[in-house]
Amino acid sequence: MDQAESLRRLISQKKKLKKSRVLTITGGKGGIGKTCISVNLSLGLKKLGYNVTIIDADLGFSNVEIELGVTSKYTLLDVLYNNKMITEVISEGPLGIKYISSGGDFNLINEGVDLSLFLNNIKILDYYSDFIIIDTGAGLNNIVNNFLKAADEVLVIVTPEPTSIMDAYTLIKYSLKDNDKKINVLINKVKNFEEYREIYNRFEAVVKNYLGVNLNDLGYLEYDDKMMECIIEQNPILLKYGNSKTSKKILTIAAKIADQPPPMENGGLFGIFSKLFNRGGFR
Ligand SMILES: Nc1ncnc2c1ncn2[C@@H]1O[C@H](COP(=O)(O)OP(=O)(O)OP(=O)(O)O)[C@@H](O)[C@H]1O
Ligand SMILES: [Mg+2]
C-alpha cells in the first residue's frame with residue numbers, strides 16, 4: 001500500500017465533505033512558497049481522493065499556470081460579464097485537478113450585472129469540489145485583502161526570515177483576526193525540525209498574547225532544492241519526486257487538513273463571493 005492509499009484509509013468516510021471547503025493560501029511576503037504549496041497541496045488532496053479546484057487570485061502574474069503547466073482562456077470575470085458558463089472557464093490540470101483564473105477585483109462590480117446568475121455558477125463549483133484552494137499574490141493589495149477578509153479558512157505561510165514573520169503577524173492583525181476564521185500556519189523553507197519548533201512557538205506566543213488569536217499548527221517543510229528544480233521544469237514536486245521526503249510531508253499535511261474539522265463557519269465559495277459582493281455594497 002503506498003502512502004496516499006494508507007492516508008486515504010485513515011481519513012474516515014464520515015468526514016467526506018458535502019460542501020466545498022475553501023482554503024485561502026496567504027503569507028505576508030513574496031516568494032515564500034504560496035503558489036508552490038497551493039499547487040502541491042492541491043495535488044496531494046487529489047491523491048487522497050478529493051475533487052480539488054485551484055483558483056489563482058494572483059492577478060497579473062499567473063504563477064499557478066506556470067507552476068502547474070496549464071493555460072486558461074477565460075477567467076471568473078468572464079462568467080460575471082461575458083455570459084460564460086463556469087464549465088467554460090475551468091481548465092484541467094495534472095491528476096484531474098481543476099484550475100480557474102479569478103481574473104480581477106470582485107469588489108468593483110459594474111452596475112446591472114446579474115450577480116445571482118454568477119452565484120449559481122459558483123454553486124456548481126462548490127457542488128463539484130471537495131476542496132477549493134485559492135492562491136493569493138504577494139503583498140496586501142485590495143484584491144488579496146478582500147479575499148482574506150471574506151475567507152472562512154486560511155493557510156498562512158511563514159519562512160524563517162524575520163521579515164516574513166513580521167509580515168505574517170501584520171497580516172493576521174489587519175486582515176484575519178476579525179471573525180472566527182480558522183487560521184492554519186505552515187512554516188516553509190526551514191533547516192530542520194528544531195528551527196521549525198523555535199519559529200512556530202515564538203510566532204504562536206506573540207499572536208496569542210498580542211492579538212488573542214489561536215493558530216492551527218500544520219507543521220513545516222524543509223528547504224529542498226528539488227522545489228526550485230520542479231518550478232523551472234513546470235513539474236510539481238509531488239509529481240516528479242512523489243517519494244521524496246518533501247512530497248511525503250506535503251501529503252501528510254494534506255491528510256491533516258482533510259482530517260481536521262472544517263472552520264466554524266463554512267460557507268464554501270458561494271459564501272466567500274456573497275461576502276465580497278456585500279462588502280462592495282451589492283445585493
Ligand atoms: N520548501 C522549499 N524549499 C526550497 N525552495 C522553495 C520551497 N518552497 C518554495 N520554494 C521556492 O521559492 C520560490 C518562490 O515560491 P513561490 O512562487 O511558490 O512563492 P510565492 O509566495 O507564491 O511567491 P509570490 O509572492 O511571488 O507569488 C520558488 O522558486 C520555489 O521553488
Ligand atoms: Mg505566488
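# Ligand 1, its pocket and the cavities

Ligand 1 is surrounded by 19 residues, and the closest of them are Lys34, Thr35, Cys36, Asn188 and Asp224. The model is predicted, so local features need pLDDT of at least 70 and side-chain atom pairs count only at pLDDT 80 or more, whereas totals for chains, interfaces and linings use all residues. Residues are numbered from 1 along each chain as its sequence is written, chains are lettered from A and ligands numbered from 1 in the order in which they are written, and side-chain values use heavy atoms, with hydrogens and water left out.

Me: What makes a residue count among the 19 that surround ligand 1?

Reply: A residue is near a molecule if one of its heavy atoms lies within 4 Å of it. By class, these residues are seven nonpolar, six polar and six charged, where Ala, Val, Leu, Ile, Met, Phe, Trp, Tyr, Cys and Pro are nonpolar, Asp, Glu, Lys and Arg are charged, and the others, Gly among them, are polar.

Me: Why is the pair formed by Asn188 and ligand 1 called a polar contact?

Reply: A polar contact is a pair of N or O atoms within 3.5 Å (within protein, one must be able to donate a hydrogen and the other to accept it, and residues adjacent in sequence count only if both atoms are side-chain atoms). A side-chain N or O atom of Asn188 is 2.9 Å from a nitrogen atom of ligand 1, and therefore the pair meets the limit of 3.5 Å. Two oxygen contacts also involve the ligand: a backbone N or O atom of Ile32 lies 3.1 Å from an oxygen atom of ligand 1, and a side-chain N or O atom of Lys189 is 2.9 Å from an oxygen atom of ligand 1.

Me: Why is the space taken by ligand 1 called a pocket?

Reply: On a 1 Å grid over the protein atoms alone, a pocket is an open set of points with protein on both sides within 12 Å along at least five of seven lines, whereas a cavity is a set where a 1.4 Å probe fits but cannot get out; lining residues have an atom within 4 Å of a point. A molecule sits in such a space if more than half of its atoms lie within 2 Å of its grid points, and the space taken by ligand 1 is the largest pocket. This pocket holds about 370 Å³, a volume being the space filled by probe spheres set on the points, which are joined across faces, edges and corners. Its lining has 22 residues, with Gly31, Gly33, Cys36, Lys189 and Ile231 nearest the centre of the pocket.

Me: How do you know which spaces are counted as cavities of 30 Å³ or more?

Reply: The count comes to four cavities of 30 Å³ or more. The largest cavity has about 50 Å³ of space, and its lining includes Cys36, Glu67 and Ile231. The second largest cavity has about 40 Å³, and both values therefore pass the limit of 30 Å³. Among the residues that line the second largest cavity are Ala151, Asp152 and Lys275, and by class its lining has one nonpolar, one polar and five charged residues.
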